[in-house]
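Reader: Please take a close look at the salt bridges here, and explain where the paired side chains sit and whether they are buried or exposed.

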Amino acid sequence: MTATAASVGKESGTNLPENRSIEDRWSVSRIFKHVVLILAAASIAIPTIWVIFASFKQKSEFYRNPWALPKGLFLQNYVDAFVDAHMGQYFINSILVTAMAMILSMAIALPAAYVLARFEFPGRTLLNLCIQGGLFINVNYIVVPIFLMLVGWDKALVAIFPGGFFINNIFVLAVVYAATSLPFCIYLLEDYFAAIPKDYEEAAEIDGASHFTVMVKIFFPMAAPAISTALLFNFLSFWNDYIISLTLMTGKQKTLQVGLLNLMTAQKAAANYGRLYAGMVIVMVPVLIFYAVIQKKLLESNTQGGIK
């Protein structure tokens, strides 16, 4: 019987035992991958869900059993966090700073990356080297020189702005964020633009399109995955920044991360953990929403609707 099955397999051009072993190996590999993915997802989802549940607990519930589910939705924690702890104002400041910084960085990085990728001009190689060198500079290491530079500018303009202009200014903070993110954005987008075939560009030029039209109507839509990636990394960097904001915003205007640390310090002393976890949820929710909105673009191909 075995010989018959083997002979049938040989005659049909297949090897049944080998096929079964390959399928078994693939099934084990797939199971292992799924287990790893499930464990990785659980390591992120479980603490997130726990923080959300903890944000609805009253103070007494933490002393009884901190791991138990909340008895009800104690929304006063969010009210206290927004009003008493000024998290609402910090939230608005972070939204404004992040939005302005992302707009500025994309407004500069997109045309710069397009020009560097599609045109040859004197100094292009040197400029590319400078941009790539900027990738190795950690902004947290140069925050003190940036602060001293802005303080010096404020001293030079003290006659015009007695209260200062460059320190404690949300717009200036957004400019610093955008400037420090340019090397990464330009490098990422330039590599993506350079990979797009010239056929698209030539076809548009035959139809009479200008370089600006080609850039805006052809290259930008095709680079949507790269643009989405840059936006996501910038959003996470700007939204979660603490050191730069703490250094440049020395007054009452603070961003959400600085405000959250102040809230953590105050609530640990008062043992009001519900308000503390409510502040954490306020920080997390915009990140989850932004990723949910942009994640589809991350999976798109740059060759969608290819040349025919």
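Author: What follows goes through the salt bridges pair by pair. The model is a predicted one, and in it the count comes to 3 salt bridges. As general background, side chains of opposite charge can pair when their charged atoms come close.

Take R275 and D80, whose side chains meet in a salt bridge with an N to O distance of 3.5 Å. This pair links distant parts of the chain, since R275 belongs to helix α14 (residues 273-298) while D80 belongs to helix α4 (residues 76-84), and the two are 195 residues apart. Both R275 and D80 are buried.

Another salt bridge joins the side chains of E201 and R118, with 2.9 Å from N to O. Because E201 lies in helix α9 (residues 198-206) and R118 in helix α5 (residues 87-118), this pair ties together parts that are 83 residues apart in sequence. E201 has a relative accessible area of 9%, which is under the 20% limit, and is therefore buried; R118, with a relative accessible area of 15%, is buried by that limit too.

The remaining pair to describe is E120 and R124, whose side chains meet in a salt bridge at 3.6 Å, N to O. Here the partners fall into opposite classes: E120 has a relative accessible area of 68%, which is over 50%, so E120 is exposed, whereas R124, with a relative accessible area of 17%, is under 20% and so counts as buried.

How values were computed:
Residues numbered from 1 in each chain as written. Predicted model: local features only at pLDDT ≥ 70, side-chain atom pairs only at ≥ 80, totals over all residues. Heavy atoms only, no water. Salt bridge = Lys/Arg side-chain N within 4 Å of Asp/Glu carboxyl O. Helix = DSSP H or I, 4+ residues; strand = E, 2+ residues; numbered from the N terminus. Buried < 20%, exposed > 50% of the residue type's maximum accessible area, 1.4 Å probe, protein only.
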